[in-house]
Amino acid sequence: MAGTLDERRIDTRAEGSLSALRVQCMACGRTCPGDQAVSACAACGGLLDAVVALDQRLDPVAFSGALQPPRLTSGVWRYRALLPPIPEAAVVSRAEGNTPLYWDDRLTRYAGLAAGRFGVKHEGHNPTGSFKDRGMTVAISHANAVGARIVACASTGNTSASLASYAAAAGLPALVLIPAGRISGGKLGQTIAYGATVVQIDGDFDAALALLRETAGRHDVYIANSVNPFRLEGQKTIVFELLEQLGWRAPDVIALPGGNLGNTAAFGKALSEAFQVGLIDRLPQLATIQAAGAAPFAAYYANGFDHYSPVTAETVATAIKIGDPASVERARRSIETTSGFVTAVTDAEILDAKALIDRVGIGCEPASAASLAGVRKLVGDGLIAPDATVVGVLTGHVLKDVDAVVNYHLHDGDDGPRPGANRPVTIPADPDALAKVLADALQH
Ligand code: F0G
């Protein structure tokens with residue numbers, strides 16, 4: 001295994017080979033070899049799916065039994081039976097995945113659900129602090145397998161941090177395009193620290209991705225954005241792992257934030273596959289939640305998927321500040337297959353939900369809190385029943401965007417201090433002054 005921090009080998013009963021890798025166009029159905037960098041169908045330009053073995057029957061108990069140590073190292077590669085057969089020697093892993101599923105009834109009450117019905121799967125507990133690591137281990141392993149010379153992405157910050165880390169693990173150069181001045185300092189810092197070449201674009205994420213795709217067409221650059229079908233394969237394991245944590249009893253709804261819509265695409269594929277091979281006996285509904293100022297997919301859903309129009313994105317949740325998501329049609333398929341929902345929540349709703357997630361000691365970055373804000377809205381609108389079992393995905397760690405925390409708690413909103421604002425107090429180094437603070441703290 002190349003470039004891993006963990007010296008234990010990943011046990012793979014089915015040894016992969018490059019010629020076994022296949023991709024299929026979701027638009028024209030054409031199947032092509034997957035032994036090179038691919039991000040669109042050569043015939044029609046459609047979005048691609050990696051092909052995995054679905055002619056198998058996986059018994060949930062036996063499948064979970066196969067996940068005992070020593071195969072626990074990576075929470076991605078242990079689901080290898082439902083991943084493309086990338087040769088083991090090329091795998092680059094940081095022991096990603098294995099993230100917690102938390103239950104806290106303060107969140108459940110806020111969502112409007114019955115006690116014990118709302119869990120949060122915390123993907124911020126990945127090596128670089130976001131769910132992107134699950135996709136990146138597969139993308140960079142594939143890049144490694146096909147002999148890529150340089151890996152690249154456009155990003156609102158988390159993909160770039162993850163790409164930079166996994167490229168460093170693989171010993172590959174990384175090129176990152178980010179919208180100048182529009183990503184959090186923490187994410188920029190990670191990307192710089194892990195050694196990627198960072199290019200700040202005078203434009204938004206959508207312009208950065210378009211520029212990268214054009215460049216990759218002319219130069220030998222391996223794109224690791226979610227247009228890359230292999231990246232999405234790793235993100236499927238968020239769903240496999242949460243289903244396993246629920247004893248393979250599917251919840252009623254899985255809610256997640258939507259930006260470029262790669263995760264929505266991956267979740268739908270994972271659920272269909274888990275259903276097809278017999279791991280679950282029914283499909284949960286997917287609920288994709290967008291920020292109101294960056295909600296072209298919610299608008300597309302609202303008009304019955306009749307006409308799609310990109311928007312100019314604006315939201316405090318910079319991770320999902322995307323006006324023209326690359327995976328719209330794959331995400332549409334996920335929502336249609338699962339009879340799911342798409343909705344949008346305001347920045348104020350996102351920030352209030354985040355403040356509660358933080359306050360109960362779990363913590364997440366702003367975009368992640370769209371999951372809880374969206375579930376609360378869908379329950380309020382009567383679209384999710386109060387006794388439904390719902391899992392919300394928290395996509396990134398609280399430390400990803402510390403400015404958002406400080407702004408919320410230290411600065412007033414339009415209507416004065418925010419709900420639950422927690423302002424530090426400054427006192428002289430004096431016992432009486434501290435005694436007064438102590439008395440106040442005991443009142444809370
Ligand atoms: N949450 C977080 C924390 C993200 O970083 C992203 C996407 C999303 C949700 C949305 O996921 O794009 O699959 O719909 N971040 C990308 C990036 C765009 O570049 O880091 P999606």
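**Exercise 1.** Which side chain has an N or O atom 2.7 Å from a nitrogen atom of the ligand? Describe also the polar contacts that the backbone makes with the ligand.

*Solution.* The model under study is a predicted one.

Step 1. The side chain is that of Thr395, where an N or O atom lies 2.7 Å from a nitrogen atom of the ligand.

Step 2. For the backbone, consider Gly259, which has a polar backbone atom 2.7 Å from an oxygen atom of the ligand. Asn263 likewise places a backbone N or O atom 2.8 Å from a ligand oxygen atom.

Step 3. The ligand taken alone exposes 470 Å², and 99% of that is buried by the protein.

**Exercise 2.** Describe the surroundings of the ligand.

*Solution.* Step 1. Locate the site: the ligand sits in the largest cavity.

Step 2. There are 20 residues around the ligand, and those that come nearest are Ser155, Gly259, Asn260, Leu261 and Thr395.

Step 3. Sorted by class, the shell comprises seven nonpolar, 11 polar and two charged residues.

Step 4. Two helices, α4 (158–170) and α8 (262–276), each contribute at least two residues to this shell.

**Exercise 3.** Is Tyr79 buried or exposed? Place Tyr79 in the chain and describe its links to Phe240 and Glu244.

*Solution.* Step 1. Tyr79 belongs to the loop between α1 (60–65) and β4 (101–103).

Step 2. Buried means under 20% relative accessible area. Tyr79 counts as buried because its relative accessibility is 0%.

Step 3. Although 161 residues separate Tyr79 from Phe240 in sequence, their C-alpha atoms are 7.6 Å apart in space.

Step 4. The side chains of Tyr79 and Glu244 are joined by a polar contact of 2.5 Å.

Definitions and conventions: Residues are numbered from 1 along each chain as its sequence is written. This is a predicted model: local features need pLDDT of at least 70, side-chain atom pairs count only at pLDDT 80 or more; totals for chains, interfaces and linings use all residues. Side-chain values use heavy atoms; hydrogens and water are left out. A residue is near a molecule or strand if one of its heavy atoms lies within 4 Å of it. A polar contact is a pair of N or O atoms within 3.5 Å; within protein, one must be able to donate a hydrogen and the other to accept it, and residues adjacent in sequence count only if both atoms are side-chain atoms. Accessible areas come from the Shrake-Rupley method with a 1.4 Å probe; for residues, only the protein chains shown count as cover. On a 1 Å grid over the protein atoms alone, a cavity is a set of points where a 1.4 Å probe fits but cannot get out, and a pocket is an open set with protein on both sides within 12 Å along at least five of seven lines; lining residues have an atom within 4 Å of a point. A molecule sits in a cavity or pocket if more than half of its atoms lie within 2 Å of its grid points. Helices (H or I, at least four residues) and strands (E, at least two) are DSSP runs, numbered from the N terminus. Ala, Val, Leu, Ile, Met, Phe, Trp, Tyr, Cys and Pro count as nonpolar, Asp, Glu, Lys and Arg as charged, and the others, Gly among them, as polar. Buried means under 20% relative accessible area, exposed over 50%, partly exposed in between (1.4 Å probe, protein chains only).
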